[in-house]
Amino acid sequence: MTSNCRRPEHTAPPELFYNEVEAKKYSQNSRMIEIQTQMSERAVELLNLPEGQPCFLLDVGCGSGLSGDFLSEEGHYWVGIDISTAMLDVALDREVEGDLLVGDMGHGMPFRAGTFDGCISISALQWLCNADKRSHSPPKRLYTFFSTLYSSLSRGSRAIFQLYPENSEQLELITTQAMRAGFGGGMVVDYPNSSKAKKFFLCLFAGVTGSLPKGLGTETSDRAVSNQVQYSGQRCRFKGMKGKSAKKGRDWILEKKERRRRQGREVRADTKYTARQRKPHF
């Protein structure tokens, strides 16, 4: 984690950086759609939601609704909040299924206590570490966000934040304010030995503290190398999607089955009939 002068949060405040031009990329760029979908899937895995049960989730920094699309595909209901009206306009044009709200994370979450069964956030939390105005204090804004988020979550639920920390000091600032607000938990790092596939997930527990999940790719085996390739090299599956999430085709299903195997779950063996298209029955 080294400082980079080209980081988006060093360019402009989020409501200005994510303008109409930038927002369109999240509905037209297949690579962005692919990465956003994969990180959303991983965040939902870390939420550890009850299987087969629809949940009411909060998506902080929802942007154009790509992560919300995955939540809808999994059968969950969600509310998204974002500071960029241009990004939310794209989400409206894409007719996402969740409810959308304009808001600044640093001002706190305006929801009643115990509203949500969980929270995810993709690539948004690090923006709170910047002081874009004279009145902005990153520690205060982080504490305001985490304390109001804590109250809006049901006890025993989790909040998962995928983030791009600038350095170790920024990580310490974020985790310290989260713990001050009442959360337990810590950082989960996927593929820690890879420069491209490495991802940070802040896993927070509201009320009941559990054991932190293991990061992907932490075992030193050939499988970890193949996982890295799957994470960063599958562009062809997402061409021509124009803002829509990955369909449940054969590649998508095989990838999800492999993820479940890595979690230690029982998964049926792959055959030539896996993900076959069945004719409708009348």
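Rings of Phe, Tyr and Trp (for Trp, its six-membered ring) pair if their centres lie within 6.5 Å, and planes over 60 degrees apart count as edge-to-face. Keep that handy for the first two exercises, and bear in mind that this is a predicted model.

**Exercise 1. Which residues form one aromatic cluster, and which parts of the chain does the pair F146 and F183 link?**

Start with the members: F145, F146, Y150, F161 and F183 make up one aromatic cluster. Now pick out one pair. The ring centres of F146 and F183 are 6.2 Å apart, with 75 degrees between the planes. Since pairing takes centres within 6.5 Å and edge-to-face takes over 60 degrees, F146 and F183 are an edge-to-face pair. Next, place them: F146 sits in helix α6 (residues 138-152), while F183 is in the loop between α7 (168-180) and β6 (184-190). That's 37 residues apart, so the pair links distant parts of the chain. Both F146 and F183 are buried.

**Exercise 2. How many aromatic pairs are there, and how are F111 and F116 arranged?**

The count is seven aromatic pairs. For F111 and F116, the numbers are 4.9 Å centre to centre and 90 degrees between the planes, which is edge-to-face. As for cover, F116 has 1% relative accessibility, so it counts as buried.

**Exercise 3. Which parts do the salt bridges D69 to R94 and D104 to R141 tie together?**

First, the overall tally: five salt bridges. D69 and R94 meet at 2.2 Å, N to O. D69 belongs to helix α4 (residues 66-73) and R94 to the loop between α5 (85-93) and β3 (99-102), so this bridge ties together parts 25 residues apart in sequence. D69 is buried, at 14% relative accessible area.

Then take D104 and R141, whose side chains meet at 3.1 Å, N to O. Here D104 is in the loop between β3 and β4 (116-122) and R141 is in helix α6, so the tie spans 37 residues in sequence. D104 is buried at 15%, and R141 counts as buried at 10%.

**Exercise 4. What separates R42 and E45 along their helix, and which network are they in?**

The two side chains form a salt bridge of 3.4 Å, N to O. They're three residues apart in helix α3 (residues 30-47), so about one helical turn separates them. R42 is buried, with 6% relative accessible area. Finally, salt bridges with shared partners join R42, E45 and D190 into one network.

**Exercise 5. Is E20 buried or exposed, and what patch does it belong to?**

At 60% relative accessibility, E20 counts as exposed. E20 lies in helix α2 (residues 20-28). On the surface, E20 gathers with D89, D93 and E95 in a patch of negative charge.

Technical notes. Residues numbered from 1 in each chain as written. Predicted model: local features only at pLDDT ≥ 70, side-chain atom pairs only at ≥ 80, totals over all residues. Heavy atoms only, no water. Patch = residues over 30% accessible without salt bridge, like charges linked within 9 Å, V, L, I, M, F, W, Y side chains within 5 Å. Areas by Shrake-Rupley, 256 points an atom, 1.4 Å probe, with all protein chains shown as cover. Salt bridge = Lys/Arg side-chain N within 4 Å of Asp/Glu carboxyl O. Lys, Arg positive; Asp, Glu negative; His and termini not counted. Charge placed at Lys NZ, Arg CZ, Asp CG, Glu CD. Helix = DSSP H or I, 4+ residues; strand = E, 2+ residues; numbered from the N terminus. Buried < 20%, exposed > 50% of the residue type's maximum accessible area, 1.4 Å probe, protein only. Phe/Tyr/Trp six-rings, centres within 6.5 Å; stacked < 30°, edge-to-face > 60°.
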